Amino acid sequence: MLSDNIQLVKHNLQVLWFTVNGFTSTQQRRNAMTIKLHNRILMTGAAGGLGKAMRERLKANCTVLRLSDKADCGPAQAGEEVMLADLADADGVHAMCADVDAVVHFGGFSVEGKFDGILQGNIIGVYNLYEAVRKQGIKRVLFASSNHVTGFYKQSETINASHPPRPDSLYGVSKAFGEDLSRFYHDRYGVETACLRIGSSFPEPRDRRMLASWLSYDDLHRLVTACLTTPVLGHSIIFGVSNNPFTWYDNAQARHVGYVPQDSSEQFHAAIYAKTPEPDLTDPAVQFQGGGFVKMGPFE
Ligand SMILES: NC(=O)c1ccc[n+]([C@@H]2O[C@H](COP(=O)([O-])OP(=O)(O)OC[C@H]3O[C@@H](n4cnc5c(N)ncnc54)[C@H](O)[C@@H]3O)[C@@H](O)[C@H]2O)c1
């Protein structure tokens, strides 16, 4: 109870800070990135691609960055703690969530594949995480969802957060499960979550599809920062893409988060067109937003 009250006072002070200071310009929003509103942030998936890319950047958002993964993510550096755990191990997940103020959840099975890996990492693992979050009284989670939750929409459609999921893979189904589970923990227990439907977050777009879905690492950090610092997050679904010249996603329903992407795939456009063939418009991988995922499997 005492810790609940302390959390509430802390939250109200944060809301007051933003109310007094406001965010009237992008510059002010950017400046907020340097304000450490959280003492300890847990980042799962620290040994993975996005975990490695965000490791240094996220230290600006907290006093202590706790890193977790089932794979080795190297020794703790200054301002870091390392606590390895398999997401499928409830006790390990509970321990890694102790004394944490917010979770950035990148850990999990990140591609289409055999169901068992997806089950362990993305279904049992996400349940274990939210149970630990509930028991530890953690108020905010950033859940790395995926564009593959809606991969069976056509590339000729623009979708928003109200469009029903149309997963393109078992992986996409597992991310849709995580989104629904997090909505339940919000409605039932008040845990705030941003479901980040990450497009393609790599150093550069690799093909024509990624010109629409690309998310630069700096924009990913801007998105994470916006979700960590917005006074009231609620349960929000946000498409994680940069300010690309063409895209399939409308983020108008997430204006309250204040994410303003600064990068664009435009600079890669000419080079990608030069090195890739004309698309075959009868190919499902070209027709649908999920690209190649719509044709994968079955995995037996
Ligand atoms: N990179 C992208 O473009 C992209 C796009 C959409 C969604 N995402 C999501 O973002 C997250 C990070 O993506 P990434 O590209 O870094 O993936 P990645 O595969 O490089 O990293 C995932 C990490 O999770 C860990 N992991 C897997 N199963 C685990 C388990 N059972 N217990 C503990 N750790 C486990 C892995 O060891 C790995 O280090 C993933 O959840 C992925 O689904 C990424």
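Strand 1 and strand 4 run parallel and are joined by four bridges. One of the pairs links M43 to V104 of strand 4. This pairing belongs to a predicted model. On its other pairing, strand 4 is joined to strand 5, again in parallel and again by four bridges. Here V103 has V141 of strand 5 as its bridge partner.

The side chains of strand 4 were examined next. A102 and V104 point one way from the strand, while V103 and H105 point the other way. All four of these residues are buried. In a regular strand, side chains alternate between the two faces of the sheet.

These strands are part of an open sheet. The sheet has seven strands, in the order 3-2-1-4-5-6-7, and the pairing is parallel. Its edges are strand 3 (80-82) and strand 7 (235-240), each of which pairs on one side only. From one strand to the next, the twist averages 20 degrees. At the strand 3 edge, strand 2 (residues 62-67) pairs with strand 3 in the parallel sense over three bridges. There, L65 has E80 of strand 3 as its bridge partner.

Helices lie across the sheet. Helix 6 (residues 170-189) lies across strand 5 (140-146), strand 6 (192-198) and strand 7. Its direction is at about 160 degrees to strand 5. Helix 8 (residues 217-229) lies across strand 1 (38-44), strand 4 (102-105), strand 5, strand 6 and strand 7. Helix 8 runs at about 170 degrees to strand 7.

The model also holds a ligand, surrounded by 25 residues. The closest are G48, L50, K70, S110 and A144. Several elements contribute to this shell. Helix 3 (49-58), helix 5 (115-136) and strand 5 each supply at least two of its residues. By type, the shell comprises nine nonpolar, 13 polar and three charged residues.

Overall, the protein contains 10 helices and seven strands. Of its 300 residues, 43% count as buried. Among contacts between residues at least 6 apart in sequence, 68% join residues at least 24 apart.

Confidence was assessed last. The pLDDT averages 92 over the protein, and 88% of the residues score at least 70. Residues 6-28 have a pLDDT below 50. Beyond near neighbours in sequence, this stretch has 11 contacts in the model.

Note on methods. Residues numbered from 1 in each chain as written. Predicted model: local features only at pLDDT ≥ 70, side-chain atom pairs only at ≥ 80, totals over all residues. Pairing = 2+ DSSP bridges. Axes fitted to C-alpha atoms, helices over the stretch in contact; angles between N-to-C directions. Contact = placed C-beta atoms within 7 Å. Near = placed C-beta within 6 Å. Nonpolar A, V, L, I, M, F, W, Y, C, P; charged D, E, K, R; others polar. pLDDT = per-residue confidence, 0-100. Buried ≥ 20, exposed ≤ 12 C-beta atoms within 10 Å, placed from the backbone.
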